[in-house]
Structure formats: C-alpha cells, structure tokens
Amino acid sequence: MAKLSGKWTLRAVGNDAGWQQRIFISGSDAHDGPHPMVLGTTIPHVEGNAINIIAQALNPDLNVWIDSLIQEAMNWDNSTGLQVTLSADDNPPYGDLDFNDLVVLCTAEDEPLASPLAGPRPDLTIPERFFKWRRVNPEQKPTPRKEKEKAKSKARPKKPVRPRRPR
Amino acid sequence: MAKKTLHHVPWRRFHDPKNNPKRPDVADVLCADEGADFIDICQKRPATGLKLKAAGSHWSLSDSTISDDSALETHWPDAGAVPLNTGLAVDMLQIISDPLFNFMAHTSPVAPDAAVQDPCLTSGASNCFFVHLKSGTRVYEAYSLLDGMAAAPTDLAKELNKKITRDPMIGPYSVPWGFMTLGGSAGQTVFGALTTGTHGGDYRQRPIADAVVAMHLVTDGGDHFWIERASSTIEFPIANDQKLKSIYGNLHPNVSFQIVRDNDLFDAVVVGVGRFGVVVSMVLRVVPQYCLLEHRRLTDWSLIKAMLKTPAHHHAFDTGVFFGSDAATDQAGFARRFGAVATAQNRFLQIAINPSPHLRDEHRVGVTQRWFHPNTAPEAIDPNTGDVRGRRERGIASGNPEGLPETAGTTASYSPPDTLGGSGSSSGNFLDHACSDGNFIAGIVREAAKEIEKIITDNAVTAGGIAAAAIALGAGAEVLAIASVCAVLAAVALALEALADAIDALGDASLAQTVQTTIDTIEDIPGVPQSIKIMLLRALVKMIFESQQKNHDYVAISYAVMDGHDYVDRSCFGNAESIEIFFDAARPDIYCAFVDAALAFEAAQEEQAGRFAAGYISLRYMLGSRGLIAPSQFAETVAIEISGLRDAKGSVPFIMNAVQLARDPMFRGLFHWGQFNPLTRPEVEALFDAPPGKNLTRWRHALQKFTRNGTLDGFSSAFTRNAGLEPF
C-alpha cells in the first residue's frame, strides 16, 4: 500500500500484464474506490491528508481482484515537482517480480511539492557564437568543437584534383 | 562550591546578533559550579513559582534552552566572574564499580602510538577509558583536557597504572584520550551538544549521546539521581552504589538521592532537551587518541545522487572516491601517499552541496571522507614540531605543563602547513565557517573581473574560464536581448574591481560579511540586466563554494579534523540560521527528492526574484541513537543541514521553504532539537510515537517519574509545551 498526502495527478505510465489492472483509492476527499488503469489513464486532483492506494489485478479464472505487490519510489523533477512512482507486480506470490504490470506516476499538484520551476524560465545560457573554444592551459584536452571539426575534416571527401591543362 | 546570580542581564544566543539578544532582560541568571549548588537552586525553585531552564554555551539555535523565567547556567558565555560548571567532576576512582575497575586493570588499552585499527568501532569496556566531566565543559575544553591526560592522568588512571606497572605515572592509562565522534564545531558544552541530538558524520558510529554511560541529574525540587543503563555493551555497573551514596547522599538535607539503573530512563534523559532538570555531570566513554585522514573531492550533485540511489546507498562511498577525467591518476597518487589506509573502509561521509546552480540545474558538491590513521606514520607528524599534526594548533589547553600557548577554542580551523592550497577541516556547516576569514573572496572577485575584461576584449566567453564553468551554452535569449553586452560587462568589471578593493579595506572581515557585501554590490550595479547579475552571482557563488570545498588530503589529530569551527573573534555578527532534518538513509529516493526540492526553490528565487541564499546544504550519515527522542531514529540515518546567513536576502526564504518541505507529510523529516525546530505536539507525536517503539510514550513515562507524576514543572518551557515534550 502506498500513501500520499496533498493533491495529486495519477497517471498509468506502464501496463505490461496479462491481467486487467486497477488501483483502489481510500482516504481521499472525492476519489475513493476502484479505478481501472490502462496505459495513459489519468486521474487528476486526487486530494486528501492520508490517501492510501493499493494496486489490484483481476484473476480471470476466479474473477477476483487480487492485491498486487507495490514498490514505491520518490523523485523530484524540476519541470513538475515531487513524483511518486508506484510499480506493481500482480498475482503474489506467483508473480515474476518485474514490477511492471502496472506503473502509476503520481505527480504533486500544489506547492510546496509542485516545482517552483515549472513555468517558463529565463534563458541563462550564452549563444555559441559568444563562446570562444580555446585551450586556457596546455594540459587541457582538445575542446569538443575542435574534435568536432577534426572529425568533420576527416569525414569530408577530398576535393578531386583537377588535372592540369597541358600547356 | 560557588553560586552567583546575575540580575537583569540580556540573554543572547551565540548565533544571534550582538545588538539583538533573544531575551533583552532576564531578571535572574543563576550560575553555579557544583552539584550541591544546583541542588540548592532546584530545591528552592518550587517556592518561587518561577520556571528554570539549564543552558551552557548558548550555542543552540532552537528555543530549547530558553526559560520562561530564570536562566540556570552551567557555562555562562558572556564575560564576567561567574562560576562555571566545567572540567572534571568527582574523579572516577572515587565512584567506579569494582567489577569495572578489575576488568580495566586486566585489559590494558592499545597505546595510541601502537594502534593500527580504529579504536572507535568497538563499544565494550575494553580499549577505552571513562572520564567524569562536569556538564558545562565545552567540547574543545574536554578534548584538550582528554588529550593532555598523558601528562596529567586522573586518579583512576594512576591507580590502574599502579596495578599494572606499579608506577602510577607510567602505564597504559597515562595516554592521551579522545572522543569517538564529534559534531563539526566544539564551542557547545558537551552535554548541551549531546542532549539535543548533535552528531558527526561518522556513519559507522552512533551520535555523541551514545558515548555517555552515566549521568548525575538534579530535578525540579532538588531530588537528584545517578542514572546508568541497566544493560549495555560495557557489561558492568559504572559506579559503586556505596561510593555514590557516600559522595552524593548528603549534599543537601532536604532532598533525596537515588541510584537508577534503567534503559528507558537513561535513554530518555540523555536526549532530554533540558526537560528533566539539569544534568550536572556525566561519565563518558573515551578511546585512545587517534589521527584521521581526511580526503575531499569536488564533483557534481547529479553524479553523487546517482551513486546514492544505487543498491549500496551511501555505502557506495565506503572507499575513497575520485572524480573527473584524472580520477585514475588521482587515485593512484592517493594510494601511493597513504598506502593501506587508503584502501581500507572509511568511517565518515559528508556531502556538501552548493545551493546555487551552474550550467542551469547542476550543483557543485564537496565529498569528504575520513579514515582512521596511525599516529606515528609520517603523514601524521608535523614536520615543523615533530608532534602529531593539529595538536599544537587546536588542542593546547591553558596552563599546560609545557607552557605552550593555549589554542583550544581560540584558533582558526586546522590547515596543514605543508599542503599546497590546503583549506583545512571540512567539518561543520556554513555557520561554522561564517566567522572565518573572508578576505580570500577579494581574490575571487578580482579573478572574475579579469575574466569579464577578457570577455570584452575577445567578445567571447573563454572555454575553461570562470564564466564558462557556470554558464551553459544555449540560445542565449537573455544575452541576445541586450543591446550592448560589452558596455554592460564593462560596468560589471569596474564594480567588481571596486568590490575587491572594498573587501581588502574591510581588513580581517568574516566570510559572512564578505559574502553579503559581494551579493549586495552586484545586485546594486546600475544598468545591468537581472539575468546578467544572476549569471555573475552564480559564477561567484560557485567559485566561493569551490574554494571552500576544494580537493585536499591531510592527516591530523582527531579533534583537529572533526572540529572545523573558526574560533578567531572577528567581531563576526554571527547572524545565521540553520536547520537540520533527519531521514532514513535507506531511502535515498526520499531524501534526495527533499534536497532537489530545496535546490529548485533556490534556483527559482534567484531567477524569479533575484534573491540569493548564502549557505550550504550538507548531508552527513550516522547510525541510529539509543536516545528515545534522538532525531537520528533510523538504523542508518542521514542528517541534512541547511544553513545560511540571515542577511542574504534569499537565505531565510530558502531555509523556511526547507522547513515547510520537511514538515510536509510526504517527507516527515525529524528536526534537530538544538537547531531551528518548529515541530508542534501533534507532529512530534506522529514522528516519535509510532508503534512498535512508542518512544515518546516511554520518554513521557520517564519524565513522569522524575517530576513526581508531572506535578513539578519547573523545567517546562514554551518550547517543551509547544513540542509536547511534557509528561502527558
């Protein structure tokens, strides 16, 4: 079982299973219950102080939803913010433990867990034409540009030599 | 035995501005230097109706040492003739239990000069010594006192020597002793540091509190207690009951004295955040003095984060790390210089991160590792003095028998005399270096000015130069938008030259002052677009960080390496703020996300508001503490310290954002009790009272016992009530 707090968008980013997959949410303000998940399914604005999520897979022989094993990993992405990836492996204890039967990416929607860098950012870069590729000390290795030029010159076919006109 | 009460005096924390004390007028500041004095003060307290709170060096940045009413001081930090509860307490010989004495007499420690293995990685009664220290002893006073015990052994050491060699002055116990671990600075009192959860980065050891084996606690109302654990790796009682009763039993006619041997009570009081009363003395387990080899290399956060997220987690750094295109040559040189030591498992890991980005979203990182190093190997010996490196620079106490000048607690952090560009101990955070000499920044600013002049001449940024290292290639929309880049840069170069001169003119200015002057000057350059200022400040901040965290390798005596604080008084305003958040080191995904979120905030405030934080983020690792409410609760814990200078416009928002993140239920960070700590009762209960440990409940049961079921509340304070550190 995975736990979230705050406001989240849930999106299925992986679904490599023979069985039908879903998540079951509890503890949310308005999204409690089962949610079938296929690749790309998105559930926005899942909110609550103590949201619990379990992943389930439908055993077709028994027609029963069975709780899957879940691995969770947290990550920060500057373009979005806090992300929690829930990776499920179904049919325990007979699963293959590859944790790719269902993968749900949960992305925080609100501050402070949403990234303050999510919007447009000033371009604090310098154009290449203002950049001088030269060695500042003799021990420095050749710069990428020189290497690039060298490679270019090697690849360039030699100009055919025009035979001289006989005088 | 002495007591003195100061009336209507300001009460200031060490890191507060001198002209703005935390409490401008405290009616009664009670100072004492003996257990009997403290007992008398506490015995009279209930009749006054005034609250008390014990404090020492006032190093704490939290409000945990702030009393509602009167202050009770073990080491009043301001100048003046008041008694200080410092130095050795009753000699251990007078109280030691017979089984422990006999064990020590039959199990001699390895002499420091013969040691080939780290003495800090064992925890039993062998290869160690026990000292009984008064609680107001500053850490640097304690380590210099311990280091001087070869010439001035305690009575216990003499008696043990006599048993072994028949000569009290010569024997295995007449040797220098040392702490197993220390925090990054040593100006705190020993007990003040350990009772708030202070730690080092020695990831194979528990925090400092776990070196305590006995305490003498005086509670509200004056009843006092000798407290030991019921079971521990020492395996013997520390003190003898009869001896304790004869020494402590009759200190005051109207109070009781009890001997308590109980794990929970001990583990509650040792990290008690001052709520239990005043601990007037404690017995510490110390080890034969040793040297440390410190190794530091610069690299980038993305690389370190990837290493932390491997299955080995922070143990990916168990052996020496080397980075960059010359890593193999660097490693070979290190191995040649330090031999077998360099290939052994290290004991310390600190990862210091520059909050300001370069190349858009990359961050410079200084990785520091340490190994035990034999005292007698050539690298450990100072070529100028023939003594162990660092001892004379950092560990000489006043009144030493050789008449050497006092250096403990008076000098700048240790820097090896024969290491080119050696920048001294990596210990500590930005606070510990905030008062160090900041004049080196003038050189960095001049270097930057020269580079900018070169850019004007060449009309290009030179690869490998300062600006190139901080600025990424790209479309350069901001640069292209400027009509005349060179005219703007000319103004910047002029301003930087003037700034360098101004820094020189400041004389012996602190790093804090100098950094702030630099940021202010650049922000005030007229006519320069904000984007150029941001690029320039990022380049300068990166250079300052790299100069503070540059590559180095050196060996010195343990405390000279572990204590990185600069004690030279530069009238530093010390106007700094710091938090420390503890996470489970087994979940690098969580704590790296926390760090990344804090870094993103800094990048955003630089880009969106032109605000810069002046500070560090520092990660240090340790084993979990036995203290019931110690913030290092996890089997392997990482402490993330975020500190900065309050006067830099971005520092406080940067730190407060980290506070908000740490308190978010997704991160659930534990806060250091001795640094800024905003946790409320419900948060403390959620963090410390989870089953099966129910640590806070057990801590509260201990408090009930020592406060007559909560009826004696003299050591309660606004801080303890807010945090729920109360008996119920």
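Leaving aside its neighbours within four places in sequence, with which residues is B:A598 in contact? In this predicted model, the partners of B:A598 outside that window are B:I617, B:I642, B:N657, B:A658 and B:L661. B:A598 also belongs to the largest nonpolar core, which holds 235 residues, and is listed with A:V104, B:V269, B:V445, B:F594 and B:I640 as touching the most other members. To this core the greatest contribution comes from helix α20 of chain B, residues 588-609, which supplies twelve residues. In soluble globular proteins, nonpolar side chains tend to be buried together.

**Chain B as a whole**

The secondary structure of chain B amounts to 24 helices and 20 strands. Its radius of gyration of 26 Å is close to the 27 Å given by the globule rule for 728 residues, so chain B is as compact as a globular protein of that length. Further values for chain B are set out below.

| Property of chain B | Value |
|---|---|
| Span of the C-alpha trace along its principal axes | about 85 × 55 × 50 Å |
| Share of the 728 residues that count as buried | 58% |
| Share of contacts between residues at least 6 apart in sequence that join residues at least 24 apart | 78% |

**Helix α7 and its surroundings**

Another of the core residues named above, B:V269, is among the buried residues of α7(B), together with B:L265, B:F266, B:D267, B:A268 and B:V270. Because six of its eight residues are buried, α7(B) is largely enclosed by the rest of the structure. These buried residues pack against α5 (190-195), β7 (212-218), β8 (224-228), β9 (257-261) and α23 of chain B.

The axes of α7 (residues 263-270) and α23 (residues 695-706) of chain B come within 9 Å and cross at roughly 90°, and the two helices are therefore roughly perpendicular to each other. On the α7(B) side the contact involves B:D264, B:L265, B:A268 and B:V269, which meet B:R698, B:W699, B:A702, B:L703 and B:K705 of α23(B). Sorted by class, the contact between α7(B) and α23(B) comprises six nonpolar and three charged residues, with no polar ones.

**A position in chain A**

In chain A, A:A73 is located in strand β6, which covers residues 69-77. Since A:A73 has 15 C-beta neighbours inside 10 Å, this residue counts as partly exposed. Neighbours within four places in sequence aside, A:A73 is in contact with A:T85 and, in chain B, with B:D589. A:A73 and A:D89, separated by 16 residues in sequence, lie 14 Å apart in space, C-alpha to C-alpha.

Methods. Residues are numbered from 1 along each chain as its sequence is written. Chains are lettered from A and ligands numbered from 1 in the order in which they are written. This is a predicted model: local features need pLDDT of at least 70, side-chain atom pairs count only at pLDDT 80 or more; totals for chains, interfaces and linings use all residues. Axes are lines fitted to C-alpha atoms, for helices over the stretch in contact, and angles run from 0 to 180 degrees between N-to-C directions. Helices (H or I, at least four residues) and strands (E, at least two) are DSSP runs, numbered from the N terminus. Angles under 35 degrees count as roughly parallel, over 145 as roughly antiparallel, 65 to 115 as roughly perpendicular and the rest as oblique. Two residues are in contact if their C-beta atoms, placed from the backbone, lie within 7 Å. Ala, Val, Leu, Ile, Met, Phe, Trp, Tyr, Cys and Pro count as nonpolar, Asp, Glu, Lys and Arg as charged, and the others, Gly among them, as polar. A residue is buried if 20 or more other C-beta atoms lie within 10 Å of its own, exposed if 12 or fewer, and partly exposed in between; C-beta atoms are placed from the backbone. A nonpolar core is a set of buried Ala, Val, Leu, Ile, Met, Phe, Trp, Tyr and Cys residues joined through C-beta atoms within 7 Å. The radius of gyration is taken over C-alpha atoms; the globule rule is 2.2 Å times the number of residues to the power 0.38.
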